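Me: Could you walk me through how to read side-chain contacts in a protein model? I'd like the general idea each time, then a real case.

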Amino acid sequence: MHILLIHQIFVTPNEGGGTRHYELARYLVQKGHRVSVIASSIDYLTGMKKDKKRETREGVEIVYASAYQSLHKSFFHRAFSFISFALSSFLEAFRIKNVDVVWGTSPPLFQSLTTLLIAQLKRRPFVFEVRDLWVDFARELGVVNNGFLVQCMKVMEKLLYRFSRKIIVNSPGFIPFIERYVQREKIFLVPNAVITNDFAVKETLQGNFRNQHNLNGKFIAMYLGNIGVANDIEVIISAAVHLRKYIDIIFILMGGGIKKYTFSDFIHNNNIKNILLLDSQPKSEVPKILADADVCIATLKDIPLFRTTYPNKVFDYMAAGKPTILAIDGVIRDVIEKSSGGICVKPGNSHEIAQAILAYYQDTTLRKKHGENARTYVKAHFEREKVAEELETLFKGLR
């Protein structure tokens, strides 16, 4: 069958960010299906324009539609980028022939309206994927305060729920919220997952990241991912300040996002020397980078809705065999606790994060045990191939 995916933030292994959709598409191609992707010509994390119009990578056909480039200047700049992609991706998608299933994903929400319209015009099933409860998240974070605008977006969201043949969620925490609008039978869980073998880094490649950044002999506490409004990077910076006197503990913040330069200025102006803020790296480099970390950190702002999420980075940490210091409550906390693969602390509590780092710093055995537990658990329960099989079953059932 021929599957069309419209996804502005589609990431290939040579780019920074989550490669969930690339890995799922590659699996579907390996199973004999055709997958066409309409992606943005602008890299979401860096805001840089890509130097290609289309490519075929491991059988996945990718078309790059134009979008407004100033992605991270403000909410309105981002919204304009999302809308511009929704328009240009419609034109590109309309040209693609002989499609069997049209797959939309949110956020951003606007591209899913484009996907729905394409599905209606081509008279093909529309599958709507919910990767976070974006409208509600934006409202709780104060990113969108205009009541009329929120209501408009909620109408869009309900429209997508109503006209989709199936709704995919990447976290079980989203299901109770979406059940308010549709029957449970319409919702299909395809959780975030990971290819654990990708994180089995050869010994000859270990240490390269440390050498590159002059970190030999340092204890590395790493955050890897988006540096935005929701991610509570402030609490990690505060934890680093608590641990200033431990000169061999270094915090790595690696990623891109709307708040990156704000935090960079803050770290510089306050002379916080135990934090290294680095640019995002291609996903293909992530296993080698994580191999040199001692512990990894995952944080989100302490709002109730974030208890519903399955952050991609946590599964990467676990596959790399690293213990996670988790400052997020809810369904992802269940994963860490069931796996005995890390230490869970109260969201927003920098002192508890600092104490968890010290626990691993002072106890090598605990660090190794929790890392091994994490890798074993994620391989058993969140292997990408198993998840992709479930997605293929969903698509086949739409015929």
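Reply: Sure, let's start with burial: a residue is buried under 20% relative accessible area, exposed over 50%, and partly exposed in between, using a 1.4 Å probe and protein chains only. Before the cases, note that this is a predicted model, where local features need pLDDT of at least 70 and side-chain atom pairs count only at pLDDT 80 or more, while totals for chains, interfaces and linings use all residues. Residues are numbered from 1 along each chain as its sequence is written, and side-chain values use heavy atoms, leaving out hydrogens and water.

Me: Is K154 buried or exposed?

Reply: K154 has 9% relative accessibility, so it counts as buried. E157 is buried as well, at 4%.

Me: What joins the side chains of K154 and E157?

Reply: A salt bridge, meaning a side-chain nitrogen of Lys or Arg within 4 Å of a carboxyl oxygen of Asp or Glu. Here the N to O distance is 2.8 Å. K154 and E157 sit three residues apart in helix α5 (residues 147-163), which puts about one helical turn between them. Salt bridges with shared partners also join D136, R139, K154 and E157 into one network.

Me: How do I read names like α5, and which parts of the chain does the R26 and E58 pair tie together?

Reply: Helices (H or I, at least four residues) and strands (E, at least two) are DSSP runs, numbered from the N terminus. R26 and E58 form a salt bridge at 3.3 Å, N to O. R26 lies in helix α1 (residues 20-30) and E58 in the loop between β3 (54-57) and β4 (60-65), so the pair ties together parts 32 residues apart in sequence. R26 is buried at 17%, whereas E58 is partly exposed at 47%.

Me: How many aromatic pairs does a search of the whole structure find?

Reply: It finds 13. Rings of Phe, Tyr and Trp (its six-membered ring) pair if their centres lie within 6.5 Å; planes under 30 degrees apart are stacked, over 60 edge-to-face, and the rest tilted. F126 and F128 are stacked, with 6.1 Å centre to centre and 25 degrees between the planes. By contrast, the rings of F219 and Y361 have centres 5.5 Å apart and planes at 85 degrees, so that pair is edge-to-face. F219 is in strand β9 (residues 219-224) and Y361 in helix α13 (residues 350-362), 142 residues apart.
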